[in-house]
Amino acid sequence: MTVGLAIFKVPELFSIGAPRPLMEGVVTCILTAMCILAFVGLRYPVRMLPLLLFESIWKLIWLAAMALPAIMDNAVDPAMSELIFNCSMVVIILAVIPWRYVWRHYVRAKGDRCDDRNTSKPHLGLSGAAPGPSVGRHVSLRGRCLRAPAHRQQAVVGTSRWQNEQGPSP
């Protein structure tokens, strides 16, 4: 995917010439971004697995929703024929995806729970202090639930954040 996009799509981004249709420019930019992320995926294949899943899913949806009806109606022109061929190469991506890992980590695993019941965003009143001790509180960071480290869970009401982290002042 990286090599194919780098050879065929990235040069389109930098080509100078007549203005392209709006959506063609959008697609070129999206595919260039995918090329960059696919390159990162060579170094971190498991972390970038969602990129392969995205690539597979959109191609399968396009083949089922757009290409199949056109094939059944004999309405395939040369441009669509080329796109059908390119999208059908998804079988290569499907062959290299570790499906057991996908099943275990994306389908069967419990989802992360980030809602008001276990996520705490300190409510600072007029005094600037949190309303109560923060023992066992959770912090949401980019959609992930994180539990505050044990040494920071024993906040004392009415003290500043600096005093909580540094301990009592001498």
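1. The expected span of a helix is 1.5 Å times one less than its number of residues. Keep that in mind for helix H4, residues 49-72: with 24 residues, H4 reaches 33 Å from its first C-alpha to its last, close to the expected 34 Å. A word of caution before going on: this is a predicted model.

2. Let's step back to the whole chain. What order do the elements of the chain take from the N terminus on? They run α-α-α-α-α-α-α-β-β-α, which gives 8 helices and 2 strands. Of the 170 residues, 21% count as buried. Among contacts with a separation of 6 or more, 48% come from residues 24 or more positions apart.

3. Now have a look at helix H3. With 22 residues, H3 covers 33 Å from first C-alpha to last, close to the 32 Å expected at 1.5 Å a residue. Its buried residues are Gly 25, Thr 28, Leu 31, Thr 32, Met 34, Cys 35, Ala 38 and Gly 41. What covers them includes helix H1 (2-8), helix H2 (10-14) and H4.

4. Which residues make up the largest nonpolar core? There are 8 of them: Leu 5, Val 10, Leu 31, Met 34, Cys 35, Ala 38, Met 48 and Leu 51. Helix H3 gives the most to this core, namely 4 residues. Apart from this core lies another one, of 6 residues, including Leu 63, Ile 84, Cys 87 and Val 90. As a bit of background, nonpolar side chains tend to be buried together in soluble globular proteins. For a sample of the packing, pick Val 10: leaving out residues up to four places away in sequence, Val 10 touches Leu 5, Thr 32 and Cys 35.

5. Back to H4, which is not straight throughout. Where is the kink in H4 centred? Look at Leu 63, where H4 has a kink of about 35°. Leu 63 is also one of the residues of the 6-residue core. The buried residues of H4 are Leu 49, Leu 51, Leu 53, Glu 55, Ser 56, Lys 59, Trp 62, Leu 63, Ala 67 and Ala 70. Their cover includes H3, helix H5 (78-88), helix H6 (90-96) and helix H7 (99-108).

6. You may have spotted two charged names in that list. The side chains of Lys 59 and Glu 55 meet in a salt bridge, with 2.7 Å from N to O. The count for this model comes to 1 salt bridge. Why are these two about one helical turn apart? Because they sit 4 residues apart in helix H4. In general, an α-helix has 3.6 residues a turn, so residues three or four places apart point the same way. Are the two partners buried or exposed? Lys 59 has a relative accessible area of 11%, so Lys 59 is buried, and Glu 55 is buried too, at 4%. The cut-off behind both calls is under 20% relative accessible area.

7. Ser 56 is another residue of helix H4. With a relative accessible area of 2%, Ser 56 counts as buried. Which residues does Ser 56 contact, leaving aside its neighbours within four places in sequence? They are Val 90, Ile 93, Leu 94 and Ile 97.

8. Trp 62 also has its place in helix H4. Its relative accessible area is 16%, so Trp 62 is buried. Not counting residues up to four places away in sequence, Trp 62 touches Ala 67, Met 80, Leu 83, Ile 84 and Cys 87. Take that last partner: Trp 62 and Cys 87 are 25 residues apart along the chain, and 8.1 Å separates their C-alpha atoms.

9. A quick word on cysteines. How many disulfides does a search of the whole structure find? The result is 0. Cys 87 is buried, with a relative accessible area of 2%, whereas Cys 29 is partly exposed at 44%.

10. Finally, check what follows H4. Asn 74 lies in the loop between H4 and H5. Although Asn 74 is not a glycine, its phi is positive, about 50°. For context, most residues other than glycine have a negative phi. Is Asn 74 buried or exposed? Asn 74 is exposed, because its relative accessible area is 73% and the cut-off for exposed is over 50%.

Notes: Residues are numbered from 1 along each chain as its sequence is written. This is a predicted model: local features need pLDDT of at least 70, side-chain atom pairs count only at pLDDT 80 or more; totals for chains, interfaces and linings use all residues. Side-chain values use heavy atoms; hydrogens and water are left out. A nonpolar core is a set of buried Ala, Val, Leu, Ile, Met, Phe, Trp, Tyr and Cys residues joined through side-chain atoms within 4.5 Å. Buried means under 20% relative accessible area, exposed over 50%, partly exposed in between (1.4 Å probe, protein chains only). Contact means heavy atoms within 4.5 Å. The bend at a residue is the angle between axes fitted to the seven residues ending there and the seven starting there. A salt bridge is a side-chain nitrogen of Lys or Arg within 4 Å of a carboxyl oxygen of Asp or Glu. A disulfide is a pair of cysteine sulfur atoms within 2.5 Å.
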